[in-house]
Amino acid sequence: MADIQQLERICSQVRRDIIRETHACQSGHPGGSLGCTEFFVALYFEVMQHSPDFSMDGQGEDLFFLSNGHISPVWYSVLARSGYFPVSELATFRRLDSRLQGHPATHEHLPGIRVASGSLGQGMSVAIGAALTKKLNGDDHLVYSLHGDGELDEGQIWEAAMFAAHHKVDNLISTVDLNGQQIDGPTEKVMSLGNVRAKWEAFGWDVIECADGNNMAQLLASLADAKTRTGKGKPVMILMHTAMGKGVDFMEGTHHWHGVAPNDEQKEKALAQLEETLGDY
Amino acid sequence: MIKIDYSNQKDTRSGFGAGMVELGKTNPDVVALCADLIGSLKLDKFIENHPERFFQCGIAEANMIGIAAGLTIGGKIPFASTFANFATGRVYDQIRQSVAYSGKNVKIAASHAGLTLGEDGATHQILEDIGLMQMLPGFTVINPCDYNQTKAATIAAANHQGPVYLRFGRPKWPVFTPEDQEFVIGKAWKISEGKDVSIFATGHMVVKAIEAANQLEEQGISAEVINIHTIKPLDREAVIESVRKTGCAVTAEEHQRLGGLGSAIAQVLAEEHPVPLSFVAVQDSFGESGTTEQLLTKYGLQASNIVEAARSVISRK
């Protein structure tokens, strides 16, 4: 049984890490990172079977692929906090000679990363490939992937969607972060997504919705539900509603903080709202 | 004088298909993907033997490259195959991020490269792919010259750890390399010794280079023909050693003049041993519809063009 209070405490620390990572290098993407904090914490601290003793092949464990790589601050924090690499390394985010590149990469051999992402739309295809290899290898663990809603503008996503249904890739749970924002503004203004649920259903996926992806209990229930739907001939999609910038009042619900780092004053204001639960790096 | 048996002709893509059949038997990790061109890529037999190791991607090449990258996680060796145009330019960013930058052990098998595909015309005749692929850090780029070499290169690509671009073509072409050859990636193959001029050729142009060397011999000129089947990593030593002897060189490729084999060799020689050079390649233009031989003639890729280029570089020594 999940200790929701403990997971929420981890979330608070991860949010502090996100603010401090982006503040220190005065770049990066805090908005989407803050919005997906519960999702990452739930996956790495509760849902996935995984080993921080990292191997690229990841046989015998669940795998996670981040397709919208710009929310790297939250992933780096969660990987470090779950033991993949020293927490102190978060201080090197986006710095020269760091393993914590602006967008996730395998090139510098950061444990936990299995493919580069950043150029959008590619991660679902890679996740499907990894899921196919799990099937070929008789490995019954699952593959998870996360995508932004703005990323659904990319055609490759829909190529992958069609492929996964056609080939019955039913060991895959993909999640779309529906925060309704992308760089240039609200998704409905930039490029209307229409009926997202109907689209995924029409592409042959088993679709569930998580009404509040920033509510840990709700999110865990959705992830558990998704897991029960695997192995039944269809890829599984979680449409996860979140608030961009969640947890920091002045960043919440706006695209302004998509790719803008807080200044000194904003950092202090943000950190004052987030309890230091595990110790800052 | 090297005799070419023009009665023995096979397409290089069938060499790929034969290599895949062999790999199907010998390497259980090898899997294949295709984007609705199974027949053109000669994958029928591999699929018949190993249906569970083949993934039809439909006409969605970007997704195919991503899936190939993912398949490597857990140890598969994917061959993502389609026409060269759709295997490179169309999906360059997918190859760059998900394969090259991510260091994935993906093999990109590209048929119908160059002008020789013929009647389909310029939309399909990619002449920029060697340049595109050799610019990617860590990529190996191979352009074999006949059926036997393509089969051997396919097997060598599977045994090589790292991303490989394997380029071949559509037409039936003379088979002149040994059936049981050892294919060593990055090791040039000296086809004939010569002292007056070096001819470095790749892919379908190797047989044209041999024809050119035979014609030059009749004119009293001794040409050294070297098959550069691996454009990257380039066999620098073989190139320099030959040119030290001959003092001039011609390159021949079914590719744009800019960015391909000629550019790679010019860069090595400019740094190490500058000599007169000439480039038999497509001169910064698109192709068009026509028969293979008509196109090679119109775009200056015949043996006669190599002969002319050789005489020119010799005169500039």
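1. Salt bridges between the chains come up empty here: in this predicted model, the rule finds zero of them across the interface of chain A and chain B. Polar contacts are another matter, with 17 residue pairs counted between chain A and chain B, both partners at pLDDT 80 or more.

2. Which elements of chain A build the side that touches chain B? β1 (63-66), α5 (123-136) and α6 (155-166) each supply at least two residues. The most comes from α5(A), which gives eight residues. By type, this side of chain A divides into 13 nonpolar, 14 polar and four charged residues.

3. Now for the extent of the interface. In contact are 31 residues of chain A and 26 residues of chain B. The area buried between the two chains is about 2200 Å², and carbon and sulfur atoms give 56% of that. On the chain A side, A:Gln122, A:Leu136 and A:Glu159 lose the most area to chain B, together 23% of what that side buries.

4. Although the interface has zero salt bridges, the count over all chains comes to 30. A nice one to look at in chain A pairs A:Glu38 with A:Arg15, at 2.8 Å from N to O. A:Glu38 belongs to helix α3 (residues 37-47) and A:Arg15 to helix α1 (residues 4-25), so this pair ties together parts of chain A that are 23 residues apart in sequence. Are these two side chains' residues buried or exposed? A:Glu38 is buried, at 7% relative accessibility, and A:Arg15 is buried too, at 5%.

5. Do also have a look at A:Arg229 and A:Asp225, which form a salt bridge with their closest N and O atoms 3.0 Å apart. Here A:Arg229 is partly exposed, with 27% relative accessibility, and A:Asp225 is likewise partly exposed, with 29%.

6. In chain B, the side chains of B:Lys76 and B:Asp29 meet in a salt bridge of 3.4 Å, N to O. This pair links distant parts of the chain, 47 residues apart. B:Lys76 sits in the loop between α4 (61-71) and β4 (77-83), while B:Asp29 sits in the loop between α1 (12-26) and β2 (30-34). The two partners fall on either side of the 20% cut-off for burial: B:Lys76 is buried at 7% relative accessible area, whereas B:Asp29 is partly exposed at 29%.

7. One last stop in chain B is a network. B:Lys190, B:Glu193, B:Glu224 and B:Lys245 are joined into it by salt bridges that share partners.

Notes: Residues are numbered from 1 along each chain as its sequence is written. Chains are lettered from A and ligands numbered from 1 in the order in which they are written. This is a predicted model: local features need pLDDT of at least 70, side-chain atom pairs count only at pLDDT 80 or more; totals for chains, interfaces and linings use all residues. Side-chain values use heavy atoms; hydrogens and water are left out. Contact means heavy atoms within 4.5 Å. Buried area is the accessible area (1.4 Å probe) that two parts lose on being put together, summed over both. A salt bridge is a side-chain nitrogen of Lys or Arg within 4 Å of a carboxyl oxygen of Asp or Glu. A polar contact is a pair of N or O atoms within 3.5 Å; within protein, one must be able to donate a hydrogen and the other to accept it, and residues adjacent in sequence count only if both atoms are side-chain atoms. Helices (H or I, at least four residues) and strands (E, at least two) are DSSP runs, numbered from the N terminus. Ala, Val, Leu, Ile, Met, Phe, Trp, Tyr, Cys and Pro count as nonpolar, Asp, Glu, Lys and Arg as charged, and the others, Gly among them, as polar. Buried means under 20% relative accessible area, exposed over 50%, partly exposed in between (1.4 Å probe, protein chains only).
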